[in-house]
Amino acid sequence: MKTESESLFEKAKKLIPGGVNSPVRAFRSVGGSPFFTKRANGCHLTTVDGQELIDYVCTWGPAIHGHNHPRIREAISNALEQGTSFGTPGPAEVEMAELITEVVPSVEKVRMCNSGTEATMSCIRLARGYTGKSKIIKFAGCYHGHVDSLLVKAGSGALTLGNPDSAGVPDSLARETIVLPYNDEQAVEDALLENKDEIAAIIIEPFPANCGLILPKPGYLEKLRSLCTANKVLLIFDEVMTGFRLGIGGVQERTGVTPDLTAMGKIIGGGLPVGALGGKTEIMDYLAPLGPVYQAGTLSGNPLAMAAGIESLRILKEENPYESMEKMGTMLAVGIIEIAKSHGIALQVPQAGSMLCFYFSESQVDNFDQAIACKHERFNTIFQKLLSSGVYLPPSSYETCFLSSQHNEEIISLTLEKIKSAFSSL
Ligand code: KE4
């Protein structure tokens, strides 16, 4: 007898490529067919088959307050009374810009868009327009959305499906993108020398979270900053995932390293479609209608997304959940490491705040090559065992787990119990 999710997936596959509207949702790397979600509340998802799951994906980051937060729901319904979209400037866009420029250290001006992909794509075009140079440096395993110039050795779904270099990206474009190993300062120095005066920007996920979670070696981000300054290259932080999550000012607040441009998204939409790019006024003013770099969007600054995102930011400012989320993240990471050790299983669990991942590896993972060398089939086994016992991890070992402010001690302890029994049956 097919489950409701299986029947829906059969139907979906006839109408939607792979049955999904975003590839990583298809469970291609972990196996089996994906569950379909009926509703989401707090730190739980409920599937169409009535299974309740503790959610460690949090819709890939936006649900930092847990799902369906009453204040965000109310903010959206109040905004709904005024209409869904105006196509003109609206007051909520001004308030959103005030909040972002207040909390993100390097952002003096901000432009809203509708996805993280649009944000990084616009950052790249702006960097090229502002510098008059065309080459871009990115890092293997970093994923910046499905931007042609950046789908080169990308992470996340591209890596999950084994095609980090997407078809359809012309060589002429891919050649403008230089891919370097993360955490290797010398590689950046060499590339800047070999391509002197041709590099417009370096774009980086400061804490890469799309090939698992990789943490920067001490001084690495600071070195990138000084190399960019010395070579008149823009430093772009892709904080679509880490922004507002690893502190309200993201990694740039956490480390004190300030980029020239920042790509943002996810949390500032409160679960509705959003993206944003921000940076120094001198650079941002190159954007149309002021400057020569075109960038636009029918639904950019959409009033419902702004209402949800503003409320999400207000809650972060009022509740400042970062210390407690760091504590819960540490409790989970330490607990998992202890369980793996007691079962003699080689496992690394890098953690930063409310983000962590599973690397089935004997040694620490510092870059893409080490990440892909991990035992992914082990992750897939654990994923399935946990899913059947009511814990939903990201459906790929190339993703990162997210906690929300609703993942309390009781939830973490329950999760660790389930992880313990999953490891026992490995
Ligand atoms: P979107 O276009 O999906 O809103 O954002 C693209 C993006 C940009 N930069 C970073 C650092 C990102 O992580 C993302 C998207 N994150 C993935 C999860 N790893 C979204 C999940 C999906 O593709 O379905």
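**Stop 1: the start of α15.** Select Asn 408 and Glu 410. A side-chain oxygen of Asn 408 comes within 3.1 Å of the backbone nitrogen of Glu 410, at the start of α15. Keep in mind that this is a predicted model.

**Stop 2: along α15.** Now select residues 409-424, the 16 residues of helix α15. Put a distance between the end C-alpha atoms: they are 22 Å apart. That agrees with expectation, because 1.5 Å a residue should give a span of 22 Å.

Next, color the buried residues of α15: Ile 411, Ile 412, Thr 415, Leu 416, Ile 419, Ala 422 and Phe 423. Look down the helix axis. The buried residues of α15 fall within an arc of 135 degrees, so they line one face of the helix. The spacing has a general background: an α-helix has 3.6 residues a turn, so residues three or four places apart point the same way.

What do the buried residues of α15 pack against? Show strands β2 (44-47), β3 (52-55) and β13 (391-392), then helices α12 (322-342) and α14 (376-388); these are the packing partners.

**Stop 3: the ligand.** Center on the ligand and display the 17 residues around it. Those that come nearest are Ser 22, Thr 117, Asn 210, Asp 238 and Glu 399.

Then go through the polar contacts:
- Gly 116: a polar backbone atom is 3.0 Å from an oxygen atom of the ligand.
- Asn 210: a polar side-chain atom lies 2.4 Å from a ligand nitrogen atom.
- Asp 238: an N or O atom of the side chain is 2.7 Å from a nitrogen atom of the ligand.

Turn on the ligand surface. On its own, the ligand has 540 Å² of accessible area, and the protein covers 88% of this.

**Stop 4: Gly 141.** Stay with Asn 210 and step to Gly 141, which touches it. Gly 141 sits in the loop between β5 (135-139) and α5 (156-160). Is Gly 141 buried or exposed? Its relative accessible area is 0%, so Gly 141 is buried.

Beyond Asn 210, the residues touching Gly 141 include Lys 153, Ala 154, Gly 155, Glu 205, Cys 211 and Phe 368. Add Leu 159, 18 residues from Gly 141 along the chain. The C-alpha atoms of Gly 141 and Leu 159 are separated by 7.5 Å.

**Stop 5: Thr 177.** Finish in strand β6 (residues 177-180), where Thr 177 lies. Thr 177 counts as buried because its relative accessibility is 8%, and the cut-off is under 20%. Show its contacts: Thr 177 touches Ile 136, Lys 138, Ser 149 and Val 152, leaving aside residues up to four places away in sequence.

Conventions: Residues numbered from 1 in each chain as written. Predicted model: local features only at pLDDT ≥ 70, side-chain atom pairs only at ≥ 80, totals over all residues. Heavy atoms only, no water. Helix = DSSP H or I, 4+ residues; strand = E, 2+ residues; numbered from the N terminus. Expected span 1.5 Å × (residues − 1). Buried < 20%, exposed > 50% of the residue type's maximum accessible area, 1.4 Å probe, protein only. Arc of directions from axis to C-beta. Contact = heavy atoms within 4.5 Å. Polar contact = N/O pair within 3.5 Å; in protein donor to acceptor, adjacent residues only side chain to side chain. Near = heavy atom within 4 Å. Areas by Shrake-Rupley, 256 points an atom, 1.4 Å probe, with all protein chains shown as cover.
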